[in-house]
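Q: Hey, can you walk me through this one? I'm new to reading structures.

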Amino acid sequence: MAAKISDKELLKVIERYMDADKICEITDLKLKTLQSRVGRLTYKNLLKHPSRIKGLYKPKPKIVKMSQNAIIIPKGRIEDTDLKIGDMFKVCLLYTSDA
């Protein structure tokens, strides 16, 4: 669970580090939550240049690839989950009709 952090405290951390990964690590916020909070701070005119925060809006690859022996999930798709590289899990295949 993410720790509660006030806007004032978050602004101090943002101004000190200007790196989304580091800010998330220090504040225990998920990237999506940080993006939302930065948006609110920008709207309130408390944060002037959110685009200077490195990695705040990094694009996430959407393509999951399949090979003969593996399903390859890009790291960007699992960063905000509890999964870690090398974790094993079961895959359930669901079939739907186009009707």
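**A look at Asp19 and the chain**

A: Let's start with Asp19, which counts as buried because its relative accessibility is 17% (buried is under 20% relative accessible area, exposed over 50%, partly exposed in between, with a 1.4 Å probe and protein chains only).

Q: Cool, what kind of model is this, and how are residues numbered?
A: It's a predicted model: local features need pLDDT of at least 70 and side-chain atom pairs count only at pLDDT 80 or more, while totals for chains, interfaces and linings use all residues. Residues are numbered from 1 along each chain as its sequence is written, and side-chain values use heavy atoms, leaving out hydrogens and water.

Q: Where does Asp19 lie?
A: In the loop between helix H1 (7-17) and helix H2 (20-27). Helices (H or I, at least four residues) and strands (E, at least two) are DSSP runs, numbered from the N terminus.

Q: And what does Asp19 touch, not counting residues up to four places away in sequence?
A: Ile53 and Lys54, where contact means heavy atoms within 4.5 Å.

Q: Switching to Arg52: buried or exposed?
A: Arg52 counts as exposed, since its relative accessibility is 56%. Its C-alpha atom is 8.5 Å from that of Asp19, though the two residues are 33 apart along the chain.

Q: Zooming out, how many helices and strands does the protein chain have?
A: There are 4 helices and 2 strands, in the order α-α-α-β-β-α along the sequence.

Q: How much of the chain is buried?
A: Buried residues are 24% of the 99 in the protein chain.
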